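Work through the exercises below with the structure open beside the text. Each task is followed by a solution in steps.

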Amino acid sequence: MRVKQILTGILFAIIGSIIAFYSYDFLRNQIQEVFVWSTADSIQFIGKDFYLFASYFYYISFSISFSILVISSMHLSFLKIFKRTVLSIVIFATAMILISSVDGNLKVIECTACDNGIRKLHWNEINYGFIVGLSSIIAAVPSIISVLKR
């Protein structure tokens, strides 16, 4: 039984990494939108939005969180799996919005030489991998608790 869980965890960690790879651009854009929205347009992005890959922390945390969600949902009914997945997505989105809002507002506050209170921020000055990675870890907490209860 443990071997099956380990193999399932590895398989879904790989699937989680693939999902993380393809969703990174979307999540970057969402974080940028939250930065602008939460600071009432006090942040302007400058330069070229160029990146190759996310950080290792992003890929590892996303894939581990995904595999924990799957392992914690094994042997549950479809309705419970659906509820647990929706809960994880809601926690993930909420955590990402809160972390991005706080980070964006801190960047505006720390700016002492801003023109008219508008902070010019290069696209890569935001640590996207940390924000999304931490959000995925926070979203995995309910699944971790259910695994530990077993």
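**Exercise 1.** Is S63 buried or exposed? State also where S63 sits and what S63 touches.

Solution. The model is a predicted one.
- Step 1: Find the element. S63 belongs to helix α2, which covers residues 56-73.
- Step 2: Apply the cut-off. Buried means under 20% relative accessible area. S63 has 7% relative accessibility, so S63 counts as buried.
- Step 3: Look for a polar partner. The backbone oxygen of Y59 is reached by the side chain of S63 at 2.9 Å.
- Step 4: List the contacts. Leaving aside residues up to four places away in sequence, S63 touches F12, A13, G16 and S17.

**Exercise 2.** Describe the chain as a whole, beginning with its elements.

Solution.
- Step 1: Count the elements. There are five helices and two strands in the chain.
- Step 2: Read their order. Starting at the N terminus, the elements run α-β-α-α-β-α-α.
- Step 3: Take the extent. The C-alpha trace spans about 60 × 25 × 20 Å along its principal axes.
- Step 4: Consider burial and surface. The chain has 150 residues, of which 37% count as buried. Its accessible surface comes to about 9,300 Å², and carbon and sulfur atoms hold 71% of that surface.
- Step 5: Consider the range of the contacts. Taking contacts between residues at least 6 apart in sequence, 86% join residues at least 24 apart.
- Step 6: Locate the charges. The chain carries 12 positive and 8 negative charges, and the mean positions of these two groups are 22 Å apart.

**Exercise 3.** Which residues other than glycine have a positive phi, D41 being one of them, and where is D41 found?

Solution.
- Step 1: Recall the usual case. Most residues other than glycine have a negative phi.
- Step 2: Examine D41. D41 is not a glycine, yet its phi is positive, at about 60°. D41 is found in the loop between α1 (2-38) and β1 (43-46). With 52% relative accessibility, D41 counts as exposed.
- Step 3: Examine H75. The phi of H75 is also positive, near 70°. H75 has its place in the loop between α2 and α3 (78-109). A relative accessible area of 61% goes with the exposed state of H75.

**Exercise 4.** How many aromatic pairs does the structure hold? Classify the pair of Y24 and Y58 and the pair of F62 and F92.

Solution.
- Step 1: Give the count. The structure holds nine aromatic pairs.
- Step 2: Classify Y24 and Y58. Their ring centres are 5.1 Å apart and their planes are at 50°, so this pair is tilted.
- Step 3: Place that pair in the chain. Y24 lies in helix α1 and Y58 in helix α2, 34 residues apart, and the pair links distant parts of the chain. Y24 and Y58 are both buried.
- Step 4: Classify F62 and F92. The cut-off for edge-to-face is planes over 60 degrees apart. The planes of F62 and F92 are at 90° and the ring centres 6.2 Å apart, so the pair is edge-to-face.
- Step 5: Place the second pair. F62 is in helix α2 and F92 in helix α3, so the pair ties together parts 30 residues apart in sequence. F62 is buried at 14% relative accessibility, and F92 is buried with a relative accessible area of 15%.
- Step 6: Join the rings. Y24, Y58, Y59, F62 and F92 are linked by ring pairs into a cluster.

**Exercise 5.** Set sequence separation beside C-alpha distance for N127 and I31, then for Y56 and A113.

Solution.
- Step 1: Describe N127. N127 is found in the loop between β2 (119-122) and α4 (128-139). At 45% relative accessibility, N127 counts as partly exposed.
- Step 2: Find a polar atom pair. A polar atom in the side chain of N127 lies 3.3 Å from the backbone nitrogen of F130.
- Step 3: Take the first pair. N127 and I31 are 96 residues apart in sequence, and their C-alpha atoms are 9.9 Å apart.
- Step 4: Take the second pair. Y56 is in helix α2 and counts as exposed at 70% relative accessibility. Y56 and A113 are 57 residues apart along the chain, with 34 Å between their C-alpha atoms.

How values were computed
Residues numbered from 1 in each chain as written. Predicted model: local features only at pLDDT ≥ 70, side-chain atom pairs only at ≥ 80, totals over all residues. Heavy atoms only, no water. Helix = DSSP H or I, 4+ residues; strand = E, 2+ residues; numbered from the N terminus. Buried < 20%, exposed > 50% of the residue type's maximum accessible area, 1.4 Å probe, protein only. Polar contact = N/O pair within 3.5 Å; in protein donor to acceptor, adjacent residues only side chain to side chain. Contact = heavy atoms within 4.5 Å. Areas by Shrake-Rupley, 256 points an atom, 1.4 Å probe, with all protein chains shown as cover. Lys, Arg positive; Asp, Glu negative; His and termini not counted. Charge placed at Lys NZ, Arg CZ, Asp CG, Glu CD. Phe/Tyr/Trp six-rings, centres within 6.5 Å; stacked < 30°, edge-to-face > 60°.
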